[in-house]
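This report concerns a single protein chain. Please examine the sequence and the model shown here before reading on.

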Amino acid sequence: MLIRICSFSKEGASKTKGLVLKEKLEKGIIQHESITVDFTGVDCYASPFFNNSFAALALKYGFEVIEKIKLENLSFVGQETYQTSMDNAKMLLSRPDFVNQMNLIIQEPPKDTEG
């Protein structure tokens, strides 16, 4: 299975596009296909894209499944962003207490700084 990012996006940065990729990847994973993702033409990367695609699926199906996916034409910045996202997911998996701490921070209302 070949997934060309440029068929649905010119960027690898947004959560929305990451979710589109996640859906495509998951179909291949479920069908036990060999998957290649081609990043030709993509020049903008950010963590939400990788967090909501590769990292989310790694947490669901296991990192060994995701590490079999071949990445083509991914720039140095893209590789670094991808690796950071995967490293963070591995940390979260190994340290559930971090997840609880992050959820508390996210759920806490902002402090009044004008008072």
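The text below describes the overall fold, the sheet, two helix pairs and two buried residues.

**Overall fold**

The model is predicted. The protein contains five helices and three strands. Read from the N terminus, its elements follow the order β-α-β-α-α-β-α-α. The protein has 115 residues, of which 34% count as buried. Among contacts with a separation of 6 or more, 75% are made by residues 24 or more positions apart.

**The sheet**

The three strands make up an open sheet, arranged E1-E2-E3, with parallel pairing. Strand E1 (2–4) and strand E3 (70–72) are the edge strands, and each of them pairs on one side only. On average, with direction ignored, neighbouring strands of this sheet are turned by 20 degrees against each other. Strand E2 (residues 36–38) pairs with E1 in the parallel sense over three bridges. Within E2, Thr36 is the residue that stands opposite Leu2.

**Two helix pairs**

Two packed helices are described by the angle between their axes and the distance between the axes. The table lists these values for two pairs that share H2.

| Helix pair | Angle between axes | Distance between axes |
|---|---|---|
| H1 and H2 | roughly 30 degrees | within 7 Å |
| H2 and H4 | about 45 degrees | 9 Å |

Helix H1 spans residues 15–30 and helix H2 spans residues 47–61. Angles under 35 degrees count as roughly parallel, and H1 and H2 are therefore roughly parallel to each other. Their crossing is right-handed. On the H1 side, the contact includes Leu19, Leu21, Leu25, Ile29 and Ile30, together with charged residues such as Lys15, Lys22 and Glu26. On the H2 side, the residues met include Pro48, Phe49, Phe54, Leu57 and Tyr61. By class, the residues of the contact of H1 with H2 divide into 11 nonpolar, three polar and five charged.

Helix H4 covers residues 76–94. H2 and H4 are oblique to each other, and the crossing of H2 and H4 is right-handed. From H2, the residues Ser47, Phe50, Asn51, Phe54, Ala55, Ala58 and Leu59 meet Gly78, Thr81, Tyr82, Ser85, Met86, Ala89 and Leu93 of H4. The residues of this contact of H2 with H4 comprise nine nonpolar and five polar, with no charged residue. Phe54 of H2 appears in the contact with H1 and also in the contact with H4.

**Two buried residues**

Thr81, a residue of H4, has a relative accessibility of 13% and so counts as buried, since buried means under 20% relative accessible area. Leaving aside residues up to four places away in sequence, Thr81 touches Tyr45, Ala46, Ser47 and Phe50. Of these partners, Ser47 and Phe50 belong to the H2 side of the contact with H4.

Asp38 lies in strand E2. Its relative accessible area is 8%, and Asp38 is therefore buried. With residues up to four places away in sequence again left out, Asp38 touches Leu2, Ile3, Arg4, Ile5, Glu72 and Asn73. Leu2, Ile3 and Arg4 fall within the range of E1, and Glu72 falls within that of E3. Asp38 and Lys70 are separated by 32 residues in sequence, while their C-alpha to C-alpha distance in space is 8.5 Å.

Definitions and conventions: Residues are numbered from 1 along each chain as its sequence is written. This is a predicted model: local features need pLDDT of at least 70, side-chain atom pairs count only at pLDDT 80 or more; totals for chains, interfaces and linings use all residues. Side-chain values use heavy atoms; hydrogens and water are left out. Axes are lines fitted to C-alpha atoms, for helices over the stretch in contact, and angles run from 0 to 180 degrees between N-to-C directions. Helices (H or I, at least four residues) and strands (E, at least two) are DSSP runs, numbered from the N terminus. Angles under 35 degrees count as roughly parallel, over 145 as roughly antiparallel, 65 to 115 as roughly perpendicular and the rest as oblique. A crossing is left-handed if the near helix is turned anticlockwise from the far one by less than a right angle, and right-handed if clockwise. Contact means heavy atoms within 4.5 Å. Two strands pair if DSSP finds at least two bridges between them. Buried means under 20% relative accessible area, exposed over 50%, partly exposed in between (1.4 Å probe, protein chains only).
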